[in-house]
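Let's take a friendly walk through a protein structure together. Keep the picture beside you as you read, and pause whenever you want to find a residue for yourself.

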Amino acid sequence: METLITIKDLNVAYQEKPALWHVNMSIPVNSRTAIVGPNGAGKSTLIKSIMTLIKPISGKIDIDGKDARHALKRIAYVPQKGEVNWDFPATVLDVVLMGRYVHKGWFKRTNRQDADIALSALKTMKMETFRNRQISELSGGQRQRVFLARAIAQDADIYIMDEPLQGIDITTEKLIIDVMKSLQQEGKTFIVVHHQLDTVEEYFDYAVILNKTVIAEGSVEAIWNESNIKQAYYETSGAHE
Ligand SMILES: Nc1ncnc2c1ncn2[C@@H]1O[C@H](COP(=O)(O)OP(=O)(O)O)[C@@H](O)[C@H]1O
Ligand SMILES: [Mg+2]
């Protein structure tokens, strides 16, 4: 498997409290990669580091052999639920159109072609009939569909999603996984923080098991076993804080 993202000796702390230490890992291109680990394991910190949203103490993150900050335009990011403020006034279509600004810069108006791309992304997520609704009126699952539509409209080749299946209905969950699998067929790469242990094998083909450091990494087939899961959830120092 060809490598897309390489992380070398990444160390991150918040106010001197370590969140990630000696993280060494790589993510294959065109994979559906799950990042799995208990609460507080540093999963969100890891993906924010890839997005260069956090300044590490040390370490190196490369995408296609170059510093990650050169690749940010190629990444569509869907943040964790609690990190998004849903009270702002915006329609569903407005939110999806935000995906187009990556290409245009914030000061240019979106045009007809952008609107077509946004509508087509909404169609993929079966949300086109909601296009004029306020985002604040939507259910959790509907909001998550809109967020994925925004990512699709961005036409990124790397999708990074933080617990996208948290607190959504099962129909939306199945749709997100179907869309992920079909975008993989088109060559896209997915990096997904995943909180359910029972669906890892069905939804993903590569996994990183994390608890402040990497417990195991590889194809799901190779590393998804009781011993690794136990080690991450019950045995590492992070679990005894
Ligand atoms: N902004 C922050 N300031 C201080 N501590 C933080 C901050 N964000 C996360 N942490 C701490 O860092 C650790 C890892 O957090 P996080 O990456 O959110 O874990 P996960 O996503 O796996 O639940 C936790 O102990 C958390 O409390
Ligand atoms: Mg998190």
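A nonpolar core is a set of buried Ala, Val, Leu, Ile, Met, Phe, Trp, Tyr and Cys residues joined through side-chain atoms within 4.5 Å. Keep in mind that what you see is a predicted model. In this model, the largest nonpolar core has 52 residues. Those with the most contacts inside this core are Val-96, Met-125, Val-146, Leu-148, Ile-152 and Tyr-159. Which helix gives the most to this core? Helix 4, made of residues 140–153, does so with seven residues. There is also a second, separate core of 28 residues, and Leu-10, Ile-61, Ile-63 and Ile-191 are among them.

Let's look at Leu-148 more closely. If we set aside its neighbours within four places in sequence, Leu-148 is in contact with Met-125, Tyr-159, Met-161, Ile-176 and Val-179. You can follow the last of these names, Val-179, into helix 5, which covers residues 170–185. Is Val-179 buried or exposed? Its relative accessible area is 6%, and buried means under 20%, so Val-179 counts as buried. Again leaving out neighbours within four places in sequence, Val-179 is in contact with Thr-124, Met-125, Leu-148 and Ile-152. For another view of the fold, find Arg-143: it is 36 residues from Val-179 along the chain, and their C-alpha atoms are separated by 16 Å.

Now for the aromatic rings. How many aromatic pairs are there? The count comes to two. In one of them, Tyr-159 and Phe-190 are stacked, with 4.7 Å from centre to centre and 20° between the planes. This pair links distant parts of the chain, as Tyr-159 sits in strand 7 (residues 158–162) and Phe-190 in strand 8 (residues 189–193), 31 residues apart. Both Tyr-159 and Phe-190 are buried. Tyr-203 and Phe-204 also form an aromatic pair, here edge-to-face, with 6.4 Å between the centres and 65° between the planes. Tyr-203 counts as buried because its relative accessibility is 1%, and Phe-204 counts as buried because its value is 4%. A ring can have a charged partner as well: Arg-150 lies over the face of Phe-147, at 4.7 Å from the ring centre.

Next, find the magnesium ion, ligand 2. Which protein atoms are its donors? They are OG of Ser-44 and OE1 of Gln-80, lying 2.1 to 2.6 Å from the ion. Ser-44 belongs to helix 1 (residues 43–50), while Gln-80 is in the loop between strand 6 (75–78) and helix 2 (92–104). These two donors are 36 residues apart, so this pair, too, links distant parts of the chain. With 18% relative accessibility, Ser-44 counts as buried, whereas Gln-80 is partly exposed at 24%.

Finally, turn to a sheet. Four strands form an open sheet in the order 2-1-4-5, and the pairing is antiparallel. Which strands stand at the edges? They are strand 2 (17–28) and strand 5 (66–67); each has a single partner strand, so one side of each is left without a neighbour in the sheet. Strand 5 is joined to strand 4 (residues 58–63) by two bridges, and these strands run antiparallel. To find a bridge yourself, start at Asp-62 and look for Asp-67, its bridge partner in strand 5.

Definitions and conventions
Residues are numbered from 1 along each chain as its sequence is written. Chains are lettered from A and ligands numbered from 1 in the order in which they are written. This is a predicted model: local features need pLDDT of at least 70, side-chain atom pairs count only at pLDDT 80 or more; totals for chains, interfaces and linings use all residues. Side-chain values use heavy atoms; hydrogens and water are left out. Buried means under 20% relative accessible area, exposed over 50%, partly exposed in between (1.4 Å probe, protein chains only). Contact means heavy atoms within 4.5 Å. Rings of Phe, Tyr and Trp (its six-membered ring) pair if their centres lie within 6.5 Å; planes under 30 degrees apart count as stacked, over 60 as edge-to-face and the rest as tilted. A charge sits over a ring if NZ of Lys or CZ of Arg is within 6 Å of the ring centre and within 35 degrees of the ring normal. Donors are N, O and S atoms within 2.8 Å of the metal (3.2 Å for Na, K and Ca); water is not among the atoms, so sites may look incomplete. Two strands pair if DSSP finds at least two bridges between them.
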